[in-house]
Amino acid sequence: MQLGMIGLGRMGGNIVRRLMRNGHTCVVYDTNAASVAQLASEGATPSQDMASFISQLQKPRAVWVMLPAGAITEATVNTLSGLLEAGDTIIDGGNSNYQDDVRRAKALAEKGIRYIDVGTSGGVWGLDRGYCMMIGGDKAAFDHLDPIFKTLAPGVGTIEKTPGREGRKSTAEDGYLYTGPAGSGHFVKMVHNGIEYGLMQAYGEGLDILKGVNQESIPAERRYDLNLADITELWRRGSVVSSWLLDLTAISLAEDPELKSYSGYVEDSGEGRWTIQAAIEEAVPADVLTAALYTRFRSRKEHTFAEKVLSAMRKQFGGHKEPGKA
């Protein structure tokens, strides 16, 4: 099957590679000519501009946009809407806000252009492991492009079947799922990322406690010099807290036990914020996810004004002085 790909970064490029490895053909375009040339050398059909890109696609065309969420994706979808025809499909596989999907799908439907939003998880490992995909939008377009999604997904693999799911007909076990109307795919992926924040924070705090037990403020008889690389490896083997995130943590600690190559500055992609906004709209308590998001904000500052307020109050009510202050 043929697919057009716009955006050849780490994920877009590897999606193309995984498809070509499994017999699909890809037409590729990116403003970075070197990225286009690289994939062309691997078998993709290169395009020099958007117009030639569209002309190289077979009808009904399927165009996957894999660009950063926001203005660049919006502009690209708008440009495509003026070049594509009724029956063609635009796929947004980035991290767009689900509310943008609802608006885009409605506008494109007026032109007969089908729209699919794909929440894509897998990162740089997706080329070999496959991509977990949460897919919303036009159901007929999803059905037509099923061979693409099936190829990109991890497949059943060696994961044991979930007890109680016998007889259920679903693509979920293969690692991809049609979730419903426009926006639902990115909504599910948004909450997925919010949960990811909380899981990551829990691992981070737990390992920090394990590391901190060896400090001088702890009584000598309760001071342990723990090997975090070995402990994370241990937890991967049969522990109830095992996960792929733990696998990645174990890899990092094996490579750099003290994590000296990291500053601790943590960005957020936006989906964590949108998850909290959805929780507020729905009046759903999300204490852990909210705290995890705020910790990411905190990581980007040496000290916050709020912490200065706390220090000032401690001095006023208890005479507590900051270290090194007279």
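Biologist: Which residue forms a salt bridge with Asp 174?

Modeller: This is a predicted model. Asp 174 sits in the loop between α8 (146–152) and β8 (176–180), and its partner lies in helix α8, 24 residues apart. The closest N and O atoms are 3.9 Å apart, within the 4 Å cut-off for a salt bridge. The partner is Lys 150.

Biologist: Is Asp 174 buried or exposed?

Modeller: The relative accessible area of Asp 174 is 18%. Buried means under 20%, so the label follows. Its partner Lys 150, at 45%, counts as partly exposed. Asp 174 itself is buried.

Biologist: How many salt bridges are there by this rule?

Modeller: One of them joins the side chains of Arg 236 and Glu 233, at 3.0 Å from N to O. Arg 236 is partly exposed at 31% relative accessibility. Glu 233 is partly exposed at 27%. The count comes to 22.

Biologist: How many residues apart in sequence are the parts tied together by Arg 300 and Glu 267?

Modeller: The side chains of Arg 300 and Glu 267 meet in a salt bridge of 3.8 Å, N to O. Arg 300 lies in the loop between α13 (287–298) and α14, and Glu 267 lies in the loop between α11 (244–255) and α12 (271–282), so the tied parts are apart in sequence by 33 residues.

Biologist: Which residues do salt bridges with shared partners join into one network?

Modeller: The acidic members include Glu 74 and Asp 92. Arginines take part as well. The full network is Glu 74, Asp 92, Asp 100, Asp 101, Arg 103 and Arg 104.

Biologist: Which helix gives the most to the largest nonpolar core?

Modeller: The largest nonpolar core has 29 residues. Met 5, Val 16, Val 28, Trp 64, Met 133 and Phe 149 touch the most other members. One helix gives the most, with four residues: α1.

Biologist: How many residues does the other core have?

Modeller: This core lies apart from the largest one. Among its residues are Met 50, Ile 54, Ile 90 and Leu 108. Its count is 18.

Biologist: Which residues is Asn 14 in contact with, leaving aside its neighbours within four places in sequence?

Modeller: Asn 14 is in helix α1 (residues 10–21). At 12% relative accessibility, Asn 14 counts as buried. Its contacts are Gly 9, Val 124, Leu 127 and Tyr 131.

Biologist: What do the buried residues of α12 pack against?

Modeller: α12 has 12 residues and reaches 16 Å from its first C-alpha to its last, close to the 16 Å expected. Its buried residues are Glu 271, Gly 272, Trp 274, Thr 275, Ile 276, Ala 278 and Ala 279. They pack against α9 (184–212) and α13.

Biologist: Which residue takes a positive phi just after α12?

Modeller: The phi is about 55°. The residue is Ala 283.

Biologist: Which residues make the nonpolar surface patch of about 560 Å²?

Modeller: In soluble globular proteins, nonpolar side chains tend to be buried together. Val 309, one member of this patch, is instead partly exposed, with a relative accessible area of 32%. Val 309 is in helix α14 (residues 305–318). The patch is made by Phe 305, Val 309, Leu 310, Met 313 and Phe 317.

Definitions and conventions. Residues numbered from 1 in each chain as written. Predicted model: local features only at pLDDT ≥ 70, side-chain atom pairs only at ≥ 80, totals over all residues. Heavy atoms only, no water. Patch = residues over 30% accessible without salt bridge, like charges linked within 9 Å, V, L, I, M, F, W, Y side chains within 5 Å. Areas by Shrake-Rupley, 256 points an atom, 1.4 Å probe, with all protein chains shown as cover. Helix = DSSP H or I, 4+ residues; strand = E, 2+ residues; numbered from the N terminus. Buried < 20%, exposed > 50% of the residue type's maximum accessible area, 1.4 Å probe, protein only. Contact = heavy atoms within 4.5 Å. Core = buried A, V, L, I, M, F, W, Y, C linked by side-chain atoms within 4.5 Å. Expected span 1.5 Å × (residues − 1).
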